[in-house]
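Trainee: Could you take me through one part of this structure up close? I'd like to see how a single strand fits in with everything around it.

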Amino acid sequence: MRQYIASNLPDKNGQLSITGKDFKYLCQVLRLSVGDVIQVRLPNQELVNMQVFKLQSKQIILVKEICDCSKISVETGVNASSLNEIKLPEIWLFQFLPKMQKMDLIIRQSTECGVTKIIPVISDFSSKDFSYKKDDFERITRWQRIVKEARQQSGSAINTQIENPMLLGDAISLWQENFKNNCGFVLYEANVAKKNIFSVLKEHMASAGQEQEKKDKIILATVKGDIHDIGKNIVKLLLENYGFDVIDLGKDVPPQKIVKTVIETNAKLVGLSALMTTTVPAMEETIKLLRKEAPWCKVVVGGAVLTQEYADKIGADHYAKDAMEAVRFAERISQ
Ligand code: B12
């Protein structure tokens with residue numbers, strides 16, 4: 001555990017008393033004993049080190065660290081991040097309701113990734129397997145529990161909020177109210193929705209006369225042999241949101257097809273994604289071919305397996321660790 005999410009603030013003596021389910025979790029799962037130190041995220045989102053002061057049959061009492069324990073004694077590794085280190089933009093996930101189990105997984109993963117708000121959307125694209133009531137208290141409580149667990153395990157400083165499921169129209173209004181002139185991006189699930197929410201939003205924006213003028217063309221592809229495309233799709237959505245004209249060649253794309261498209265469209269930038277060590281060579285091969293056949297074109301690479309070192313080794317112009325960094329690079333290139 002990288003942090004414990006506390007529901008209350010410590011009392012006036014600086015003691016935090018924990019009972020019930022949280023008590024069981026701390027004692028039976030994490031096996032805390034007297035003297036152990038853990039990181040605690042207080043309700044005001046402050047992160048403090050607290051030490052087990054007393055352990056009784058149904059209650060555990062934590063106090064602000066009293067000994068000089070510079071090291072966290074419960075599961076070392078990456079520590080929870082403190083809020084002031086985080087200067088990320090807010091990320092809101094508008095998610096068509098998929099099957100229950102999948103939604104649980106999505107909530108867990110987006111919390112771990114630092115999504116600020118999760119908005120479950122009810123529409124024709126939502127799963128028909130479950131009937132989602134608007135104010136299903138039990139379901140919301142369950143989702144909130146998943147968020148709490150995911151925050152505890154990942155150490156995320158972002159206080160992820162989950163909304164009651166809402167109809168697509170309400171979701172669009174919410175998006176417009178909050179992201180009018182700022183960037184907002186939407187994750188989507190192509191398998192659930194033939195027409196994804198982003199295209200729905202784009203249509204909505206176009207009808208409201210807000211369609212932006214298109215910037216440069218960018219070719220995106222997941223390289224040959226690799227079928228991971230979630231990250232690339234996020235990059236695409238964000239680039240499009242910033243007005244770039246993205247040609248998405250999809251996944252498992254051979255180098256020749258990428259080079260051919262660059263030549264045909266005269267694109268200035270290619271974004272390549274690879275998520276496996278086994279497909280990084282295909283990325284290298286693509287870059288080599290691009291240098292030969294389309295030397296004017298810059299290449300930005302990304303994907304969980306890549307590092308700056310790898311990117312340098314295979315001759316990429318830029319490594320983007322996330323979608324926003326890809327946008328920043330594209331903005332620089334297009335100037
Ligand atoms: C989801 C997933 C799958 C899904 C993919 C669904 C899909 N449509 O993409 C499925 C189930 C199909 C799958 C299959 C496989 N997978 Co898989 N998969 C994952 C998993 C769990 C998450 C990847 C993901 O989507 N992350 C979320 C996105 C948002 O993050 P991201 O891709 O990193 O993208 C961000 C940045 O990296 C960056 N970025 C990404 N792309 C780009 C591109 C550009 C141009 C730029 C600028 C930036 C950029 O921006 C994004 C947003 O910020 C990872 C584990 C992990 N935690 O990474 C394993 C993982 C990638 N898979 C793995 C493996 C081995 C496989 C399989 C071979 C399994 C198998 N035996 O069949 C197959 C691969 C088949 C193939 N030929 O490709 C391994 C790879 C190991 C390695 N280091 O080589 C991983 C790491 C799991 C593991 N720990 O073993 N997988």
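**A close look at strand S12**

Mentor: Let's settle on S12: five of its five residues are buried, so this strand is largely enclosed by the rest of the structure. Keep in mind as we go that this is a predicted model.

Start with the strand itself, which covers residues 269–273. Leu 269, Gly 271 and Ser 273 point one way, Val 270 and Leu 272 point the other way, and all of them are buried. To call a residue buried, we ask for 20 or more other C-beta atoms within 10 Å of its own.

For contrast, hop over to Asn 13, which sits in the loop between strand S1 (4–5) and strand S2 (15–18). Asn 13 has 8 other C-beta atoms within 10 Å, so it counts as exposed.

Now back to S12 and its sheet. S12 belongs to an open sheet of five strands, ordered S11-S10-S12-S13-S14, and the pairing is parallel. Strand S11 (245–248) and strand S14 (318–319) take the edges with a single partner strand each, so each has one side without a neighbour in the sheet.

What does S12 pair with? On one hand there is S10, which runs parallel to S12 and is joined to it by five bridges. Find Ile 218 and you'll see it standing opposite Leu 269 in S12. On the other hand there is S13, also parallel to S12 and joined by five bridges. Here Leu 272 is the one to look for, standing opposite Val 301 in S13. One step further out, S10 (residues 217–222) runs parallel to S11, with four bridges between them. Lys 217 has Asp 245 in S11 as its bridge partner.

Next, look at the helices that cover this sheet. Helix H6 lies across S10, S11, S12 and S13, and runs at about 170° to S10. Helix H7 lies across S10, S11 and S12, at about 175° to S10. That puts S12 under both H6 and H7.

H7 has a helix partner too. The axes of H7 (residues 255–265) and H8 (residues 280–293) come within 9 Å and cross at roughly 35°. The crossing is right-handed. On the H7 side the contact is made by Pro 255, Ile 258, Val 259, Val 262 and Ile 263, and on the H8 side by Glu 285, Thr 286, Leu 289, Leu 290 and Glu 293. Sort those by class and you get seven nonpolar, one polar and two charged residues.

Then comes the ligand, and S12 has a part in that as well. In total, 27 residues surround the ligand, and Gly 271 and Ser 273 are among the closest, along with Gly 231, Gly 302 and Ala 326. You've met Gly 271 and Ser 273 already: they point the same way from S12, together with Leu 269. S12 is one of four elements that each supply at least two residues of the shell around the ligand, the others being helix H6 (230–241), strand S13 (298–302) and helix H10 (323–334). H6 gives the most, with five residues. By class, the shell has 14 nonpolar, nine polar and four charged residues.

Finally, zoom out to see where S12 sits in the whole chain. The protein chain has ten helices and 14 strands, and buried residues make up 35% of its 335 residues. Of the contacts between residues at least 6 apart in sequence, 73% join residues at least 24 apart.

There is another five-strand open sheet to set beside ours, with the order S1-S3-S4-S5-S2 and mixed pairing. Its edges are S1 and S2, each with a single partner strand, so each has one side without a neighbour in the sheet. Inside it, S3 (residues 37–41) pairs with S4 (residues 47–55) in the antiparallel sense over five bridges, and a hairpin of four residues joins S4 to S5. So here's the picture to keep: S12 is largely enclosed by the rest of the structure, with S10 and S13 as parallel partners and at least two residues in the shell around the ligand.

Notes:
Residues numbered from 1 in each chain as written. Predicted model: local features only at pLDDT ≥ 70, side-chain atom pairs only at ≥ 80, totals over all residues. Near = placed C-beta within 6 Å. Nonpolar A, V, L, I, M, F, W, Y, C, P; charged D, E, K, R; others polar. Axes fitted to C-alpha atoms, helices over the stretch in contact; angles between N-to-C directions. Left-handed = near helix turned anticlockwise from the far one by under 90°. Contact = placed C-beta atoms within 7 Å. Pairing = 2+ DSSP bridges. Buried ≥ 20, exposed ≤ 12 C-beta atoms within 10 Å, placed from the backbone.
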